[in-house]
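Student: I'm new to this structure, and I'd like a close look at one part of it rather than a quick tour. Please pick a good starting spot and walk me through what surrounds it.

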Amino acid sequence: MDKKQVQEELAKKQVEELFLRMALKDDDPEQALKAYGEFYNRYHKFLEYTCKKVCISFGYNKAEVSEVIYSNTLIKIYNKAESFLNIDKETSEPDKDLRLKSWINKIAENELLQIKRRGEHDCLTFDNIPDEELPELTFDDTPPGEIMLPEELQLLEQAMLELTPTEQAVIQEIYLYK
C-alpha cells in the first residue's frame with residue numbers, strides 16, 4: 001500500500017480509531033505518526049482558532065503566544081492520546097466531535113496557564129499567576145450541552161446559530177485574522 005492509499009484509509013477512520021493508534025505509539029510509532037497526521041489534517045484549523053480565542057480571552061493578543069500554545073497543545077495531544085480513548089461512549093459523530101473540541105480547548109487553556117505560571121517564555125514576559133494546582137489533562141466527560149459558558153459566549157453562540165452556514169464560515173474566517 002502506498003502513502004496515498006494509507007492516507008485515504010486513515011481519512012475514513014473515526015476519531016477514536018486515530019486516538020487508539022496514537023495511544024499505541026510505543027508499540028507502533030509509524031502508525032501512531034500517521035494517525036497523528038490525519039488528526040492534524042482534520043483539526044489544525046480548529047486548534048489555531050482555539051489558541052487565538054484562548055489568548056484573547058486571557059488578554060494576550062500577541063501572535064507569538066498563540067503559536068507557542070498551538071505547538072505545545074499539539075504535542076500534548078499526541079503524548080496524552082490515551083486520555084481521550086473513552087470518546088467511544090458517545091453514540092453520534094457530532095457529540096464525539098464536540099467532546100474532542102472541548103478537550104482540545106481545555107488543553108490550550110492549561111498551556112496558557114502553565115506559561116503564565118512560569119512567568120515568561122522565550123520572547124515574552126507574563127504576570128505570574130498564583131502557584132495553584134492546574135487540573136490534570138484528563139478527558140472531561142461532561143455532556144457538551146451541560147458545559148457552562150460565560151454569558152457573552154452564550155449570546156455569541158445564539159447569534160451564530162441564527163446565521164446561515166455560509167455566514168458563520170465568513171465570520172469565523174474574519175475572526176481568525178483579527
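**From a charged side chain into a bent helix**

Tutor: Let's start at Glu9, which is partly exposed, with a relative accessible area of 32%. Keep in mind that what you're looking at is a predicted model.

Who does Glu9 pair up with? Glu9 forms a salt bridge with Arg21, and their closest N and O atoms sit 4.0 Å apart. That pair ties together distant parts of the chain, since Glu9 belongs to helix H1 (residues 3-12) and Arg21 to helix H2 (residues 15-23), with their positions 12 residues apart. As background, side chains of opposite charge can pair when their charged atoms come close.

Now look at the Arg21 end. Arg21 counts as buried, at a relative accessible area of 17%; the cut-off for that word is under 20%. Arg21 also has a salt bridge to Glu17, where the closest N and O atoms are 3.0 Å apart. Glu17 and Arg21 are both in H2 and four residues apart, so about one helical turn separates them. Like Glu9, Glu17 is partly exposed, and its relative accessible area is 25%.

Next, step along to helix H3. Here you'll find Glu30 and Lys34, four residues apart in that helix, or about one turn. In this model, salt bridges with shared partners join Glu9, Glu17 and Arg21 into one network. Back in H3, Glu30 forms a salt bridge with Lys34, and the closest N and O atoms are 3.0 Å apart. Glu30 is exposed, with 53% relative accessible area, while Lys34 is partly exposed at 28%. A search of the whole structure turns up eight salt bridges, including the ones we've just visited.

H3 itself deserves a slower look. This helix covers residues 29-57, and a straight helix of 29 residues would span 42 Å at 1.5 Å a residue. Yet the end C-alpha atoms of H3 are only 36 Å apart. Where does H3 have a kink? Go to Tyr43: a kink of about 60 degrees is centred there. For contrast in the numbers, try helix H4 (residues 63-79), whose 17 residues reach 24 Å from first C-alpha to last, close to the 24 Å expected.

Which residues of H3 are tucked away? Tyr43, at the centre of the kink, is on the list of buried residues. So are Ala32, Ala35, Tyr36, Glu38, Phe39, His44, Leu47, Thr50, Cys51, Val54 and Cys55. H4 has its own buried set, among them Val65, Val68, Ile69, Tyr70, Leu74 and Ile77.

Right before Tyr43 in the numbering is Arg42, which also lies in H3. Arg42 is partly exposed, at 30% relative accessible area. Set aside its neighbours within four places in sequence, and Arg42 is in contact with Leu10, Ala11, Lys12, Lys13, Gln14, Val15 and Leu18. Take Ala11 from that list: it is 31 residues from Arg42 along the chain, but their C-alpha atoms are 8.7 Å apart. Some of these partners bring us back to where we began, with Leu10, Ala11 and Lys12 falling in the residue range of H1.

You may have spotted two cysteines in the buried list for H3. How many disulfides are there? The structure holds zero. Cys51 isn't in one, and its nearest cysteine sulfur, on Cys55, is 6.7 Å away. The reverse holds for Cys55, which is in no disulfide and has the sulfur of Cys51 as its nearest, 6.7 Å off. A disulfide would need the two sulfurs within 2.5 Å, so this pair doesn't qualify. Both are well covered by the burial cut-off: Cys51 has 0% relative accessibility, and Cys55 has 1%.

Just past the end of H3, Gly59 takes a positive phi of about 85 degrees.

To place all this in the whole protein, there are seven helices and two strands, running α-α-α-α-α-β-β-α-α from the N terminus. Of its 178 residues, 33% count as buried.

Definitions and conventions: Residues are numbered from 1 along each chain as its sequence is written. This is a predicted model: local features need pLDDT of at least 70, side-chain atom pairs count only at pLDDT 80 or more; totals for chains, interfaces and linings use all residues. Side-chain values use heavy atoms; hydrogens and water are left out. Buried means under 20% relative accessible area, exposed over 50%, partly exposed in between (1.4 Å probe, protein chains only). The expected span of a helix is 1.5 Å times one less than its number of residues. The bend at a residue is the angle between axes fitted to the seven residues ending there and the seven starting there. A salt bridge is a side-chain nitrogen of Lys or Arg within 4 Å of a carboxyl oxygen of Asp or Glu. Contact means heavy atoms within 4.5 Å.
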